[in-house]
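Colleague: Got a minute to walk me through this one? I'd like to start with surface charge and then see where we end up.

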Amino acid sequence: MAAAVCVNGYKRPAGGSQEAEGRRAARKRRRKEADGGGPGPEEKSSRLSATLFGEDCEISPDQLYELLKYAALGKCHHAAQPSWCRIYHQSHLAGVVVIVLHEMSQLHFYKFYLQFKHLRRVFRHKFILRPSANLLASLCGEGRSPKPPNAAQGLSSTPKSSDLQHDPIIRKYGEKKRGLTGYTLTLEEQKKNDYPIKGSLGCKGYIYTECDQQRTDSSPLFGLDCEMCLTAKGNEVTRVSLVDAQGQCLLNELVKPESTVVNYRTRFSGITKKMLLPVKTRLSDIQIRLKKMLPHDAVLVGHSLNADLQALEMIHPSVIDTSLLFARNEGRRFKLKFLAKAVLGKEIQSEQRLGHDPAEDARAALELAQFFIEQGPAKVAELNLEMLLTTEKLAEVSQKKAAFQPQRCRVQKQLNEPPPLSKPCFLDCLQVAGQKPLLLGRQELDTSGLYQSNLSASNKQILQKALEDVPLSTFSVIQFSLDPEYIASHLLAGLCAKVRSKLTDMLTIYAGPFQESFCLKTVRKEFGRCGPIQSLAVVTDTYQPYVCIQYEVLEAAQLAVESLNGAEVAGSCIKVQRPVTAATLDCDVLIKELELDVENEGVIYVAGLKKSLTETDLQEEFSQLEHLETLFLPKDLQSGKHRNCCFLKFQKWQSAVDALEVINGWTVKGSKLRSRKALASGHLWRWIWQMNHSNGKQGRHILHEKMERLSDAEQDLRKQVKKLDHHIKKLYRSLQNNTLCVVLFPGVNSIHGSQSGLGLMGIKADRGRSAC
């Protein structure tokens with residue numbers, strides 16, 4: 001286990017009634033520590049340990065919830081230790097602070113790695129975070145769910161476990177959670193529910209989206225909804241909306257029907273003759289745009305989506321239909337308006353507005369699917385939707401009968417109000433224990449403890465509020481956001497392309513010059529001793545031949561530059577260097593900072609291993625090294641085969657330094673080893689491999705022309721990132737010692753693909769770092 005050393009914290013000011021005194025006491029103690037006066041010797045410290053090395057570095061929102069729940073509540077509230085890490089002396093934690101950086105992913109962290117000066121130097125523990133549709137709900141335990149009618153109203157709030165077995169949702173899906181692929185319609189279900197099917201007689205002339213890539217549980221979701229009018233031809237599309245997994249509207253377009261309109265259906269569609277007069281867009285234009293926008297593994301979500309696809313005259317192989325997802329008995333279906341109100345606590349399709357808003361409906365269907373996937377069938381069945389629907393209908397009847405009975409009208413009003421968002425379960429426990437949780441930023445808790453949106457506050461305002469209120473709360477979630485113009489999907493795609501290109505350049509070296517008749521096999525063997533090679537090519541555009549080698553890991557490329565530059569290889573004294581581009585100008589600085597990253601302390605990289613060696617063989621070979629803690633033997637994530645390198649993690653930094661001197665030149669079963677300090681031993685190794693393989697084996701010249709000059713938007717984003725890092729630094733410094741701090745980059749899903757999130761965590765120590 002990789003234990004992070006933490007030190008003593010001081011006790012929090014008691015009670016929230018004397019807030020001013022509490023703040024002053026907290027500031028006074030922090031100033032005392034900053035001046036060199038640490039916490040008293042009688043106070044104990046908490047420790048955090050986690051196995052986040054090599055391939056064991058991807059954490060789900062559920063696993064993160066385990067950690068936060070135990071850190072906030074501990075054993076006294078029957079919370080269990082998390083399965084993937086361990087907190088020692090939890091009762092001595094001064095508090096828990098979660099910092100969420102909305103709209104940011106692991107991509108942003110490493111694109112602006114040098115700008116995140118504070119984050120990369122403070123937190124030892126880093127992990128890949130799987131993207132979540134509603135991260136905040138995942139962190140706090142329960143998503144948005146309605147408050148069921150109470151017992152005073154004569155209705156059961158939660159069905160018994162025996163009753164759940166007869167629920168149509170449980171009968172269809174079982175009680176266990178599934179990934180999103182477990183809820184997509186099968187081909188037989190699509191045929192049964194009148195979906196357009198490729199090759200069927202009734203779909204001649206329909207456009208196929210060509211989204212044939214295999215779906216996974218991380219495939220991107222898109223909400224789709226259309227409004228139709230009645231024409232001489234039948235139902236024709238008059239408006240189309242598409243939203244991405246974050247609810248951002250990607251398409252909201254009016255469409256002119258081909259045939260004469262018989263009925264605009266304005267009451268439902270909101271479309272009038274006047275609205276369509278200037279419209280030039282035709283169905284064929286929409287078909288082309290949708291086909292271009294959807295990635296090859298896209299999953300479409302909608303409510304009775306078959307009608308939308310039939311009207312669009314399009315075929316898509318992977319769909320989630322919320323009218324079928326929330327199953328009912330005897331083939332009946334819940335209306336979208338009811339589900340949005342009962343499950344999400346949202347009012348849609350307001351009668352005060354003319355017609356439906358397809359973007360609103362698409363977003364509601366998408367969020368319903370996300371809720372179902374996140375919570376699982378058992379949680380959805382516990383909502384008792386049939387009972388809620390019965391209650392709603394009874395309320396409507398009673399309202400008419402009780403028009404002149406004020407007392408009953410008040411009850412009726414309560415029944416007809418949209419269900420509020422429920423408080424997260426372990427936050428409830430905190431409040432019962434007299435510990436008020438703090439949420440600042442995009443979502444906050446009002447005086448009654450329910451979620452409310454707050455999109456108007458700036459990051460600076462959120463920081464100032466956090467500096468005042470965090471010392472008075474034992475559990476805080478602070479949310480910072482980027483300005484909307486910096487999160488456009490095209491900008492994200494550009495960042496992704498540039499990061500991938502920069503990684504390619506950093507993994508690439510040029511060696512030469514060689515003689516005309518040099519032995520390429522000798523060159524491959526010599527450079528292969530530095531680490532796994534992804535590609536090797538001879539460059540013949542020069543006077544004498546050179547070799548371009550692209551490695552799979554950063555350490556291999558750096559080791560080749562350090563150990564083979566100026567060496568004699570294949571009969572020639574060669575020079576080894578990286579390509580000189582705008583992207584590699586700061587390569588040396590980046591390599592140095594990666595070496596100094598606290599995650600890589602005590603970790604070394606060893607290359608030149610024979611692929612026939614097993615992990616057991618290596619552990620036996622390296623057993624004589626002092627304080628060796630963990631060995632990680634990387635595998636190809638596609639083939640599963642071991643690479644010819646490994647990472648060694650030591651309990652002490654000096655032991656790693658000593659091991660470097662011993663291992664360099666060491667021979668293991670006839671193979672001479674090379675080693676250096678690690679650069680990407682944990683989560684970063686996995687992410688680099690995925691980035692390097694996500695777009696095929698591309699050459700190093702990808703997008704260099706576009707990289708010569710940063711756009712204004714990227715330069716502004718760089719400044720925003722610097723400000724964010726400064727805000728986090730200021731907030732972190734204000735925290736009491738012994739505070740568990742977790743920083744989250746939630747990850748993103750867009751039409752350009754999914755980007756995994758990143759988590760950083762540690763318990764603040766007296767020297768201002770989460771680990772020593």
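Modeller: Sure. For patches, I take residues with over 30% relative accessible area and no salt bridge, and like charges are joined within 9 Å. Keep in mind that this is a predicted model.

Colleague: Fine. Which residues form the positive surface patch?

Modeller: Lys 460, Lys 719, Lys 723 and Lys 730 make up that patch.

Colleague: And which helix gives the most to it?

Modeller: That's α29, spanning residues 712-734, with 3 residues in the patch. Lys 730 sits in α29.

Colleague: How does Lys 730 count in terms of exposure?

Modeller: Partly exposed, because its relative accessibility is 40%.

Colleague: OK, on to charge pairs. How many salt bridges does the structure hold?

Modeller: There are 18 salt bridges in the structure. One of them pairs Lys 291 with Glu 210, and the closest N and O atoms there are 3.3 Å apart.

Colleague: Where do those two lie?

Modeller: Lys 291 is in helix α11 (residues 283-293), while Glu 210 is in the loop between β7 (207-208) and β8 (221-231), so the pair ties together parts 81 residues apart in sequence.

Colleague: Are they buried or exposed?

Modeller: In between. Lys 291 has 29% relative accessibility, so it counts as partly exposed. Glu 210 is partly exposed as well, at 44%.

Colleague: Got another one?

Modeller: Lys 233 and Glu 313 also form a salt bridge, at 3.0 Å from N to O. Here both ends are in loops: Lys 233 in the one between β8 and β9 (235-243), Glu 313 in the one between α12 (305-312) and β13 (314-315), so this pair ties together parts 80 residues apart in sequence. Lys 233 counts as exposed because its relative accessible area is 53%.

Colleague: What about Glu 526, which residue does it pair with?

Modeller: Arg 674, with the closest N and O atoms 2.6 Å apart. Glu 526 belongs to helix α22 (residues 520-528) and Arg 674 to strand β30 (residues 674-677), so the bridge ties together parts 148 residues apart in sequence. Both Glu 526 and Arg 674 are buried.

Colleague: And which residues are joined into a network by salt bridges that share partners?

Modeller: Arg 120, Arg 121 and Glu 593 are joined that way into one network.

Colleague: Let's zoom out. What's the overall picture?

Modeller: The protein has 29 helices and 34 strands. Of its 772 residues, 54% count as buried. The accessible surface is about 35400 Å², and carbon and sulfur atoms account for 49% of that. As for contacts with a separation of 6 or more, 75% are between residues 24 or more positions apart.

Colleague: Different topic: where is Ser 318, and what does it touch?

Modeller: Ser 318 is in the loop between β13 and β14 (319-321). Setting aside residues up to four places away in sequence, Ser 318 touches Thr 184, Arg 215, Ala 298, Val 299 and Leu 300. Ser 318 counts as buried because its relative accessibility is 6%.

Colleague: Last one, Lys 176. Buried or exposed?

Modeller: Exposed, since Lys 176 has 71% relative accessibility. Lys 176 is in the loop between α7 (168-173) and α8 (187-192).

Colleague: And which residues is Lys 176 in contact with?

Modeller: Tyr 183 and Pro 377, leaving aside neighbours within four places in sequence. Lys 176 and Pro 377 are 201 residues apart along the chain, with their C-alpha atoms separated by 6.8 Å.

Note on methods
Residues are numbered from 1 along each chain as its sequence is written. This is a predicted model: local features need pLDDT of at least 70, side-chain atom pairs count only at pLDDT 80 or more; totals for chains, interfaces and linings use all residues. Side-chain values use heavy atoms; hydrogens and water are left out. Patches are made of residues with over 30% relative accessible area and no salt bridge: like charges are joined within 9 Å, nonpolar side chains (Val, Leu, Ile, Met, Phe, Trp, Tyr) within 5 Å. Accessible areas come from the Shrake-Rupley method with a 1.4 Å probe; for residues, only the protein chains shown count as cover. A salt bridge is a side-chain nitrogen of Lys or Arg within 4 Å of a carboxyl oxygen of Asp or Glu. Lys and Arg count as positive and Asp and Glu as negative; His and the chain ends are not counted. The place of a charge is taken as NZ of Lys, CZ of Arg, CG of Asp or CD of Glu. Helices (H or I, at least four residues) and strands (E, at least two) are DSSP runs, numbered from the N terminus. Buried means under 20% relative accessible area, exposed over 50%, partly exposed in between (1.4 Å probe, protein chains only). Contact means heavy atoms within 4.5 Å.
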